[in-house]
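These are my notes for a colleague opening this entry. Please read them with the structure on screen.

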Amino acid sequence: MHRVASAGNTSNSVRPRKEKRLTYVLNDADDTKHCAGVNCLAVLKSSAADGCDYLFTGSRDGTLKRWALAEDGATCSATFESHVDWVNDAVLTGSNRLVSCSSDTTVKVWDGLSEGSCIKTLRQHSDYVTSLASAEKNSNVIASAGLGGEVFIWDLEAALAPTSKSGDATEEDCSNGVNSSGSSLPMTSIRTISSSSNISLHTQSQAYIPVAAKGHKESVYALAMNESGSLLVSGGTEKVVRVWDPRTGSKTMKLKGHTDNIRALLIDSTGRFCISGSSDSMIRLWDLGQQRCVHSYAVHMDSVWSLASTPTFSHVYSGGRDLSLYLTDLATRESVLLCTKEHPISQLALHDDGIWVATTDSSVHRWPAEVRNPQKVFQRGGSFLAGNLSFSRARVSLEGSTPVPVYKEPSLSIPGTPGIVQHEILNNRRHVLTKDAAGTVKLWEITRGAVIHNYGEVSFEKKKEELFEMVSIPAWFTVDTRLGSLAVHLDTPQCFSAEMYSADLNIPGKPEDDKVNLARETLKGLLAHWLTKRKQRFGSQASANGEAPPGKDVSTRNLTGSRVEVDGNADNDSAVYPPFEFSAASPPSIITEGSQSGPWRKKITDLDGMEDEKDMPWWVMDCVMNNRLPPRENTKCSFYLHPCEGSTVQILTQGKLSAPRILRIHKVINYVVEKMVLDKPMDNINSDGTGGQVTHPALGGDGLFRTGLKPWQKLKPSIEILCNNQVLSPDMSLATVRAYIWKKPEDLVLNYRVLTSR
C-alpha cells in the first residue's frame, strides 16, 4: 500500500527530491456511513439521567464517527476526519476526549463532543500504530504501540500543552523531537516520573517527548492498562505478554505460554489478573502476582482478535477470525456461543446489558449479552466446557457437537455501505469502473468525482469489455481502494501529461480545438472552494504563503533553475468547466501535505482558505493560483506521411512531421487536402531537406486548422489515411494509432490515398 507521507529531501540536497503527492478520496452519496471494516469501538455514557449515550467507531476508511444512541436506532452526529490511513484503535479519556491511532503512524486527540475537530496530532511512531490503552481513573495517561515494536506512554496534559514554535514545528503537531533541519532538539531538563502520573520529557523548545517502554523487538498488536495507570501490559508477534511500569517505561516481567501472535489483552481494575487472546486460538488467564498462567481456555476454532470482560472480571466475551462471539465463565470454564457473524470480529464494547460487535464489514451490531447477570445466558442451555488445549475445540467440532448460537438477530444495527473491492481504469483515463462488496458495478467520472452509471449487480469483466475504447491517453493518475473508496493519486509532473480538446470534453463557449490539461482542470475543480475562500481573505492577489504583495509568486525557491510552462489560457484561469465540477452534496476529501505539516485529510468544502504552502504541495498551489505547469515529457508525436503504393497523388513533404499526440486523423486529412487542392507554398516549413523536424500550421502548435476549408467530411476529393494497410477512423488520435495500429517503437508511418467516390 502507498504510504501517503512522502517526505522529500532537505532543501540543500543535490539530489532531485520527490514532490509531495495530492490524493482525493471520492464519496458516493451517504457520507454518514462507514465504507470499510470497523476496527475499533468506544462507548461514552451520558452523565445525565436523561442524556444521550454515544458510540464511537473507527474504520479502515480512515474516519471515526460518533453515533447518538437511542432505544430503536443510532444516528451519525459527527465524522472525525484527519487520519490518512486505517483507524486501528480508539479510546475515551476524561469526560469527552477521544484518542485514536492509525496506520498513518500518528496518534490524534479529538474533542469527542465537537463536530469533528482534531485538537492535536502526536507524531512519535515510525510505523503503523495498532493499539491504544487508557487508565479509567487517570485520564491524563494513555499508551500507544505499533508495528515498529515501539510502546509509548503519553502524559496528555504535557502533550497537549501549547508549544513554542521552533524551526518548522507547527502548533498542531507534536513530533518526535527532531526539527526541520534534521538535528535533535537539545535536552536540557527531564521531569521525573512520580505517582502523580506526570509522564513527560521536556526540551528547551518545549517539544514534548513521551516515555518509551523499550523491549519489544517485533510488532505490538495489543495493549491494556489498569484503571490507575500504574500497570501496562503489551503483546504481539513475539508471543509473550510483557508487563511494564508506565511511570518509568521499565519492564517488570515477561509471560510465556502462547504459541502465536497475541492479538487482544485485558487487565482487571486492581492489576492482579490479565486475560490474553491469541492467533493460536487460545484465551489465557494470567496471575501477575504469581507471574504465571493459571487457566487456558480452548473456545475458538481460529485466531482470537477481541476481548471484553464483565465489570467484576468474572466472565469474558471473545470474538475473532472464526466469525463467532463467545461468553466464558473464567471460574467454571463454561462457555456459550452467543452469535455468529458473516465476517471476522475485530472489536467488542460493552454497553449496558448489551455488547457492540465490530467486524471487517462496514456495519456494526449490538447483541444481547446479559452483562449485569451473565448466568442468565447459560440458563438458556447450549453451553460446553472449554478445554485447556487448543485442539480440544477442533476435536469437539469434528464429533458433530458444534454449539448452537443463543441469539439469531442483533438488537440494534448500524449499517455501513459496501466498500469497493475491485476497480479498473478505462482507456479514456477519465472513467473508472468499480465493483463493491455487494457486487454492485458502477462507473465513475474521476474528473468530477461522480458516479455516472450504476449498473447494479452485473459481471464486472463483461462490463469492462463492453466499455473498452480504442483510445490512448497517458496515465496521468493512479487509483487504489484501500480505504473502501476510490482514492485518486496525482503526482507531479506525470499528472500533467494528459490533454484533450475542449470539443471532446463538450465544454461550451470554448474553441473546440483548445487543448485542456486534465490534471490542471481537476485541481481547479477540487480547490475552487479553497480559492474562493482565499480570495475573500487576502484579495485576488493573495499568494501561497498568505501574504499579498504584488507580483509575489508561489514558491519561487522551488522553481529556480527549472523550466516552467505557463498555460496559454490564463485569461480564464479561475473558471471551472462543467466536466471538472465536483459535487458540493458529496464532496471528495483531499489527502496531502505541505512543506512543514505532516499528511492530513479534509473535505474540500471544509477548506477555509488559510491552507498555504506549509500545508499543500507547492506545485498544486502554483498550478491553481499562478496557472503554471511543471516541465513535462514531450507531448508531440513524430510521423512520416507517404502516398499509398501505386498512388499517383503526391504532396510535398520534406521529412518528418510533428503534431500533438491528441491530434485527430481528420486534421491529417485536412493537411493532405490543403497541400493537394490548394497547392499552397509551405512558407512555415523550416526543413533542411535532410529529413529533419517539420511542423505545419495544420498539424503543429495548438492543432488549429486555419485555412478556411470546410470540415473534412465535405471535402472533395475524399482522402483516406492508412497505417499498416488499415484504414484509420477520422476520430482517432495519433497516440491511439501509434498504440493500437502501428505498435512499433519507430516513428509512425502514415499513408494517404484518394477515394474515387464517396
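The points below take up strands, a helix, a loop residue and a cavity in turn.

1. The model is predicted, not an experimental structure. The remarks that follow should be read with that in mind.

2. Begin with strands β4, residues 63-70, and β5, residues 73-81. Eight bridges link the two, and the sense is antiparallel. Two residues lie between β4 and β5, and the pair forms a hairpin. To find the register, take Trp-67, which stands opposite Cys-76 in β5.

3. An open sheet of five strands comes next, in the order β23-β24-β25-β26-β30, with antiparallel pairing. Its edges are β23 (304-309) and β30 (384-385), each of which pairs on one side only. As a general point, side chains in a regular strand alternate between the two faces of the sheet.

4. How many bridges join β26 to β30? There are two, between antiparallel strands, with β26 covering residues 334-340. Here Glu-334 stands opposite Leu-385 in β30.

5. Helix α5 spans residues 518-526, and nine of its nine residues are buried. The buried residues include the charged side chains Arg-520, Glu-521 and Lys-524, alongside Leu-518, Leu-523 and Leu-526, among others. At the start of α5, the backbone nitrogen of Ala-519 has a side-chain oxygen of Asn-517 within 3.2 Å.

6. Is Pro-511 buried, partly exposed or exposed? Its relative accessibility is 48%, so Pro-511 counts as partly exposed, the range for that class ending at 50%. Pro-511 sits in the loop that runs between β38 (499-501) and β39 (515-517). Tyr-501 is ten residues away from Pro-511 along the chain, and their C-alpha atoms are 8.9 Å apart.

7. Searching the whole structure gives three cavities of 30 Å³ or more. The second largest has a volume of about 60 Å³. Its lining is made up of five nonpolar, three polar and two charged residues. Among them are Ser-472, Pro-474, Glu-499, Thr-635, Arg-661 and Ala-735.

8. Where does the second largest cavity lie with respect to domain 1 and domain 3? It lies between them, because both domains give residues to its lining. Domain 1 is assigned as 18-33 + 417-535 + 576-633, and domain 3 as 634-678 + 715-757. On those bounds, Ser-497 and Ala-498 of the lining fall in domain 1, while Pro-660 and Ile-662 fall in domain 3.

Key
Residues numbered from 1 in each chain as written. Predicted model: local features only at pLDDT ≥ 70, side-chain atom pairs only at ≥ 80, totals over all residues. Heavy atoms only, no water. Pairing = 2+ DSSP bridges. Helix = DSSP H or I, 4+ residues; strand = E, 2+ residues; numbered from the N terminus. Buried < 20%, exposed > 50% of the residue type's maximum accessible area, 1.4 Å probe, protein only. Polar contact = N/O pair within 3.5 Å; in protein donor to acceptor, adjacent residues only side chain to side chain. 1 Å grid on protein atoms, 1.4 Å probe; cavity = no way out; pocket = protein on both sides within 12 Å on 5 of 7 lines; lining within 4 Å. Points joined across faces, edges and corners; volume = space filled by probe spheres on them. Domains from an automatic or database assignment.
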